[in-house]
Amino acid sequence: MSYIKEPMNIEKRSFEIIEEELGDKINDFSDSEKPIVKRVIHTTADFEYADLLEIKNNAIQSGIEALESGSKIYCDTKMIVNGLSKNVLDTFGVTAYSLVSDEDVVKEAKERGVTRSIVGMEKALKDEKTKIFLIGNAPTALYTLLENMGENKPKLIVGVPVGFVGASESKEELTKYDVPYIRIKGRKGGSTVAVSILHGILYQLYKREGI
């Protein structure tokens, strides 16, 4: 059997196919937006994301500046943390973390009768070095961020929680704030989508050989 075996060549060919199938639609996106939409489609194999992706308030440049300054990244799931390229983040002195599984967060959430995502976000907002927020799972995390960020606004919010209860609504709420954001309209999204969006920005700074 004949098939592509090298990881970089598989990814490169995937991006070529995506651009071919997008056709003229790819021209709806700027040069800095194209890597993001292609990575999201690459991750999901779902071309509808080309219509659902929304990038506002200079989000890409703001995210780049935050990464270059060594901002910390708060993630609403461990899956996002584990999915991000640690080697590349280390190059910029960037740390990604999640608090939802911490013992004190679990305990407080149980005592208050709220989600761990709420408590974790509240604690993350107390860290002034955390300027990027990746939310792929919990609408309550996004709502909490919007309710409590105050004047110390994030440099980038990736709001892509997936699901049926509050997911679409929380992302719609995000549009009411003057803050750099990237969101997926409607119910779709998820941790892997959040990772692909951040990588779509990160790999504009860090060029990998063969891609």
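In which sense, parallel or antiparallel, do strand 2 and strand 4 pair, and over how many bridges? Keep that question in mind while you open the model, which is a predicted one, and begin the tour at the sheet.

**The sheet**

Select the strands, and you will find an open sheet of 6 strands in the order 1-6-5-4-2-3, with mixed pairing. Strand 1 (53–56) and strand 3 stand at the edges with a single partner strand each, so one side of each is left without a neighbour in the sheet. Now select strand 2 together with strand 4 (residues 130–135), and the opening question can be settled: the two pair in the parallel sense, over 4 bridges. Along this pairing, Ile-73 stands opposite Ile-132 in strand 4, and Cys-75 stands opposite Leu-134, which is also in strand 4.

Stay with strand 4 and colour its residues by accessibility, since the strand is mostly covered, with 6 of its 6 residues buried. Then add strand 5, which runs parallel to strand 4 and is joined to it by 4 bridges; here Ile-135 stands opposite Gly-159 in strand 5.

**The aromatic pair**

Next, select Tyr-74 and Tyr-97 and show their side chains. The structure holds 1 aromatic pair, and it is made by these two residues, whose ring centres are 5.2 Å apart and whose planes stand at 65°, so the pair is edge-to-face. The cut-off that matters for this step is that planes over 60 degrees apart count as edge-to-face. Tyr-74 belongs to strand 2 (residues 72–75) and Tyr-97 to strand 3 (residues 96–97), so the pair ties together parts that are 23 residues apart in sequence. Tyr-74 is buried, with a relative accessible area of 1%, and Tyr-97 is buried as well, at 14%. Before moving on, add Lys-72, which lies over the face of Tyr-97 at 4.9 Å from the ring centre.

**Ser-98**

From Tyr-97, step along the chain to Ser-98, which lies in the loop between strand 3 and helix 7 (103–112). Is Ser-98 buried or exposed? At 8% relative accessibility, Ser-98 counts as buried. Show the backbone of Cys-75 too, and you can see that its oxygen lies 3.1 Å from a polar atom of the Ser-98 side chain. Leaving aside residues up to four places away in sequence, Ser-98 touches Tyr-74, Cys-75, Asp-76, Thr-77, Lys-78 and Val-81.

**Tyr-49**

Now select Tyr-49, in helix 3 (residues 49–52), which is buried with a relative accessible area of 5%. Which residue has its charged end over the ring of Tyr-49? It is Lys-188, whose charged end sits 5.9 Å from the centre of that ring. Gly-189 is worth selecting alongside, for although Tyr-49 and Gly-189 are 140 residues apart along the chain, their C-alpha atoms are separated by 9.0 Å. Beyond four places in sequence, the residues that Tyr-49 touches include Val-37, Ile-41, Ile-184 and Val-193.

**Helix 10**

Finish at helix 10 (residues 167–174), and select its buried residues, which are Ala-167, Ser-170, Lys-171 and Leu-174. Turn the view until you look down the axis of helix 10: the buried residues fall within an arc of 95°, so they line one face of the helix. To see what they pack against, select helix 9 (139–148), strand 5 (156–159) and strand 6 (181–184).

Technical notes: Residues are numbered from 1 along each chain as its sequence is written. This is a predicted model: local features need pLDDT of at least 70, side-chain atom pairs count only at pLDDT 80 or more; totals for chains, interfaces and linings use all residues. Side-chain values use heavy atoms; hydrogens and water are left out. Rings of Phe, Tyr and Trp (its six-membered ring) pair if their centres lie within 6.5 Å; planes under 30 degrees apart count as stacked, over 60 as edge-to-face and the rest as tilted. Buried means under 20% relative accessible area, exposed over 50%, partly exposed in between (1.4 Å probe, protein chains only). A charge sits over a ring if NZ of Lys or CZ of Arg is within 6 Å of the ring centre and within 35 degrees of the ring normal. The arc is that of the directions from the helix axis to the C-beta atoms. Contact means heavy atoms within 4.5 Å. Two strands pair if DSSP finds at least two bridges between them. A polar contact is a pair of N or O atoms within 3.5 Å; within protein, one must be able to donate a hydrogen and the other to accept it, and residues adjacent in sequence count only if both atoms are side-chain atoms.
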